[in-house]
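Please look over the sequence and the fold below before reading on. The report that follows moves from helices to cores, and then to some particular residues.

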Amino acid sequence: CSPRQALEHSYLSVFEAFFQNVPFSQIQDSALQNFTNASRLAFLEPESTARDLILADALLMQSLLQLASKAYLAGCYNLRKSWKLFEALIQAPHPDSMAKYGAGILYLLLSLLPRSVLPWLKLIGFAPDRELGFKMLKECWADPTSLRCGHAGLVLASACLLQSPSLEPLQPSLDLAEEVLDRALGRYTNSPLFTLLRATWCRRTGCFQEAVTLVQGLTTQFPRASVCHFLLGSLYFVQMQWGPALEAFTTSSHKGTDMPGTVSYCMAQCHAMLHNRSFALELLQQVQIVANPKSPSDKFATSYTDHLLRRPKELSIAPLFGIYRRCDHFALSPEARQKFMTALEEVGEDPAYQSFPLKGLYLLLKGALSILEGNTAEGEAAFLSILKQHAELAATKELSLKYAYYEMGVAAYRKGEVERAKTYFLDGQRLAVNFSGMRSIAARFGIALQQLAVDTPPDLDSDQSELAVAARKVVEEEPQ
């Protein structure tokens, strides 16, 4: 087959596997092989703009899969080759929209990397620029004749909806996502990926019933896709409809899932809120056994489950904390918000929550709700009560302390007290444990400090250190 056919087949095989409920860990190697074959076929073609577009695209996907597999040297090498091709293509007098798509992806992805890694990637010649990435993707999305038009729309909407919390207003991102999705669902009427993103937009904006209707349609269209049932359960969970949430999570579990630990963890929380506490604890004990070690979501689930098993009293507030941690409390319907407040007050009446450390979680959620309702002074007072217990809470690495520092930093920033905000963020970052997930508290501190242009000392974890070494080696070994 031709290089273009090989490239399109590689993309299609990934999308089909997703909706046939094939775990990514099972297709990762085959997907890498497919994109590698596409790049090899393109490399054998005579040099031309069309050939360079296909080669750059295939190398980009090949490098991302290699980096995901921790093949850092090969990944950095191919990423650099891809970037060099895209860089030459977008500097042409009339750059192709596919070139803009690839370059836009690279600019956007680099802007999401940890700050500590960026100096090393700059050695390869990269410079993160989120706004330029968005600009190029928008230009590709505006060209309906481009083969990557739909891909650009998916990336734009995903970047807007799945971004980690930041200090910037969320509404512009939601508005851009809405604009893209309205056009996309008119252009690609049966696209399940755009439908999923539309449901995510509804979740972020509080349009709960529309989100449920969309995801229910996907469960009918793709009955084997457990991820659709999991998303349906998540929607009910956010609205604290524990019975329907449990039913959807159970269905997801029965159909097989790439994150069995997370599903069991969510089922346990539903049982806890339905007053089946003993069974909830039994389910939590199974999380470590069934968890997928390759799943980032399961990594967090097992970590927090171990914590809950050591402190079972915290199970009463864990579902509410989960809603807060994922920032879903911002879009709660009035009815759901009242349920949240009622459940929180019930927890607060438990004698165990009258003293720290459990009192810290109660005060954190109480303060977040107060801020949401415009009672800023009351919210800050709750957060400061947590910070006053710094020594005790830091000794046991309590999450409430880390989130309280973040909330106080945000509150200071909104008042225009930038230096005070930096202090809170830096103090909190020193405590933060890098849980997996874009919405982890460590990611929030990093993004906030990056937005405030605060230089922090490199503190690379093992994977980032390997990536840094690989980046340096690629540059040192490249022929001059």
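Helices (H or I, at least four residues) and strands (E, at least two) are DSSP runs, numbered from the N terminus, and the expected span of a helix is 1.5 Å times one less than its number of residues. This is a predicted model, in which local features need pLDDT of at least 70 and side-chain atom pairs count only at pLDDT 80 or more, while totals for chains, interfaces and linings use all residues. Residues are numbered from 1 along each chain as its sequence is written, and side-chain values use heavy atoms, with hydrogens and water left out.

The protein chain has 25 helices and 0 strands. Of its 480 residues, 51% are buried, where buried means under 20% relative accessible area, exposed over 50%, and partly exposed in between, with a 1.4 Å probe and protein chains only. Contact means heavy atoms within 4.5 Å; among contacts in the chain between residues at least 6 apart in sequence, 63% join residues at least 24 apart.

**A pair of helices**

Helix α14, residues 260–273, has 14 residues and reaches 20 Å from its first C-alpha to its last, close to the 20 Å expected at 1.5 Å a residue. It is mostly covered, with 14 of its 14 residues buried, and it is followed by H275, whose phi is positive, near 70°. Axes are lines fitted to C-alpha atoms, for helices over the stretch in contact, and angles run from 0 to 180 degrees between N-to-C directions. The axes of α14 and helix α15 (residues 277–290) come within 8 Å and cross at roughly 170°. The two helices are therefore roughly antiparallel to each other, since angles under 35 degrees count as roughly parallel, over 145 as roughly antiparallel, 65 to 115 as roughly perpendicular and the rest as oblique. Residues making this contact include Y265, M267 and H271 of α14 and F279, L283 and V287 of α15.

**Nonpolar cores**

A nonpolar core is a set of buried Ala, Val, Leu, Ile, Met, Phe, Trp, Tyr and Cys residues joined through side-chain atoms within 4.5 Å. The largest has 134 residues, of which F249, Y265, I317, F321, F340 and F425 touch the most other members. Another core, of 5 residues, lies apart from it, with L196 and F222 among its members. Leaving aside neighbours within four places in sequence, F340 is in contact with M240, L320, I323, L332, L365 and L369.

**Residues within helices**

F445, in helix α24 (residues 441–451), counts as buried because its relative accessibility is 0%. Not counting residues up to four places away in sequence, F445 touches K402, Y405, Y406, Y424, F425, G428, Q429 and A432. T195, in helix α10 (residues 192–205), is buried at 12% relative accessibility, and with the same exclusion of residues up to four places away in sequence it touches L185, L214 and L218.

**Backbone features in loops**

Most residues other than glycine have a negative phi, and most peptide bonds are trans. The table lists two residues that have a positive phi although neither is a glycine.

| Residue | Phi | Loop | Relative accessible area |
|---|---|---|---|
| M240 | about 60° | between α12 (226–238) and α13 (242–254) | 5%, buried |
| K397 | about 55° | between α21 (390–395) and α22 (399–414) | 62%, exposed |

The peptide bond from F356 to P357 is cis, with omega near 15°, and P357 has its place in the loop between α18 (334–348) and α19 (358–372).
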